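Student: Please take a close look at a single part of this structure, the nonpolar core, and explain which elements build it and what surrounds it. I am new to this structure and would welcome one connected account.

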Amino acid sequence: MFALATIAALTTVMAAAPVTAQSAQTSSPIGAWLTESGHGVIRFAPCDGGVCGTIVGIDRTPNEPMPTDVRGRPQCGLTIFTGSADQQDGVTDGHITDPRSGKTYQAQVWVDAEGRLHLRGYVGVPLLGATQVWQPFEGQIAEGCRFAGLPDSTLLRTKRLS
């Protein structure tokens with residue numbers, strides 16, 4: 001009886017595994033994502049046979065100047081992620097550039113079952129890296145790359161600090 005129950009349980013788990021893998025493969029990073037810090041919005045879109053992530057929103061007040069990258073270019077509109085159109089197990093491989101330092105790292109992005117984007121930057125092998133979790137961006141981007149339709153930026157900062 002125990003052996004029969006074990007076989008039934010294993011069959012159920014094995015039958016569910018392909019469904020999980022298939023759903024991961026259909027998840028796409030295409031869309032707008034609020035970064036883990038809550039200070040930026042990155043839009044992933046198809047480009048040059050792959051996928052690119054571009055800064056489209058920056059958390060700043062109207063009096064703050066547009067942040068610039070290491071070369072002095074405005075960060076708004078800067079492509080910071082480039083990746084392959086091919087996904088393996090729902091993971092897109094590519095490269096990400098830190099606009100402040102200009103350093104480029106290997107990266108992987110994937111969307112989890114809850115609809116959050118995971119971005120792992122690394123050097124050499126993924127094990128030697130760090131992962132950030134980004135939320136879907138539901139707000140609006142105002143003129144000048146500013147957030148609109150989100151709670152006050154001060155409120156966002158307060159939530160992150162508590």
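**The nonpolar core and its surroundings**

Tutor: The largest nonpolar core has 16 residues, and those that touch the most other members are Phe 44, Phe 81, Leu 117, Leu 119 and Trp 134. The model is a predicted one, and the description that follows should be read with that in mind. Two or more residues of this core come from each of β2, β3, β4 (79-88), β6 (104-111) and β7. Beside it there is a second, separate core of 6 residues, among them Ala 32, Val 41, Val 56 and Phe 147. As general background, nonpolar side chains in soluble globular proteins tend to be buried together.

Leu 119 gives a useful view of the packing. Once neighbours within four places in sequence are set aside, Leu 119 is in contact with Phe 44 and Trp 134, and also with Ile 96, Gln 108, Val 109, Ala 130, Thr 131 and Gln 132. Phe 44 and Trp 134 belong, like Leu 119, to the residues that touch the most other members of the largest core.

The wider setting of the core is the protein chain, whose secondary structure comprises 2 helices and 10 strands. Along the sequence these elements follow the pattern α-β-β-β-β-β-β-β-β-β-β-α. Of the 162 residues in the chain, 33% are buried. When contacts between residues at least 6 apart in sequence are considered, 39% of them join residues at least 24 apart.

How are the strands that supply the core arranged? β2 and β3 run antiparallel and are joined by 8 bridges. Pro 46 has Val 51 in β3 as its bridge partner. The hairpin of β2 and β3 has 2 residues between the strands, and Asp 48 in its turn has a positive phi of about 40°.

β3 also pairs with β4, in the antiparallel sense and over 5 bridges. Two opposed pairs mark this pairing: Thr 54 stands opposite Thr 79 in β4, while Gly 53 stands opposite Phe 81 in β4. Phe 81 has already appeared among the core residues that touch the most other members. All 9 of the 9 residues of β3 are buried, so β3 is largely enclosed by the rest of the structure. In general, the side chains of a regular strand alternate between the two faces of the sheet.

β4 in turn pairs with β5 over 5 bridges, again in the antiparallel sense. Gln 88 has Val 91 in β5 as its bridge partner. The hairpin that β4 and β5 form has 2 residues between the strands. Asp 89 lies in the loop between β4 and β5, and its phi is positive, at about 55°, although it is not a glycine.

The loop between β3 and β4 contains Cys 76. Cys 76 counts as partly exposed because its relative accessibility is 30%. Apart from residues up to four places away in sequence, Cys 76 touches Ile 55, Ile 58, Met 66 and Cys 145. Met 66 is 10 residues from Cys 76 along the chain, and the C-alpha atoms of the two are 7.6 Å apart. Cys 145, another of these contacts, sits in the loop between β9 (140-142) and β10 (146-148). With a relative accessibility of 3%, Cys 145 counts as buried. Its phi is near 70°, a positive value in a residue other than glycine.

Strands that supply the core also contribute to the largest pocket, which has a volume of about 740 Å³. This pocket is lined by 25 residues, and Thr 35, Asp 98, Pro 99, Arg 100 and Gln 132 are the closest to its centre. Two or more lining residues come from each of β2 (40-47), β3 (50-58), β5 (91-97), β7 (117-122) and β8 (129-136). The lining consists of 12 nonpolar, 9 polar and 4 charged residues. Thus β2, β3 and β7 are among the elements that give two or more residues to the largest core, and they also give two or more to the pocket lining. Gln 132 is a further link, as a contact of Leu 119 and one of the residues closest to the pocket centre.

Terms used. Residues are numbered from 1 along each chain as its sequence is written. This is a predicted model: local features need pLDDT of at least 70, side-chain atom pairs count only at pLDDT 80 or more; totals for chains, interfaces and linings use all residues. Side-chain values use heavy atoms; hydrogens and water are left out. On a 1 Å grid over the protein atoms alone, a cavity is a set of points where a 1.4 Å probe fits but cannot get out, and a pocket is an open set with protein on both sides within 12 Å along at least five of seven lines; lining residues have an atom within 4 Å of a point. Grid points are joined across faces, edges and corners, and a volume is the space filled by probe spheres set on the points. Helices (H or I, at least four residues) and strands (E, at least two) are DSSP runs, numbered from the N terminus. Ala, Val, Leu, Ile, Met, Phe, Trp, Tyr, Cys and Pro count as nonpolar, Asp, Glu, Lys and Arg as charged, and the others, Gly among them, as polar. A nonpolar core is a set of buried Ala, Val, Leu, Ile, Met, Phe, Trp, Tyr and Cys residues joined through side-chain atoms within 4.5 Å. Buried means under 20% relative accessible area, exposed over 50%, partly exposed in between (1.4 Å probe, protein chains only). Contact means heavy atoms within 4.5 Å. Two strands pair if DSSP finds at least two bridges between them.
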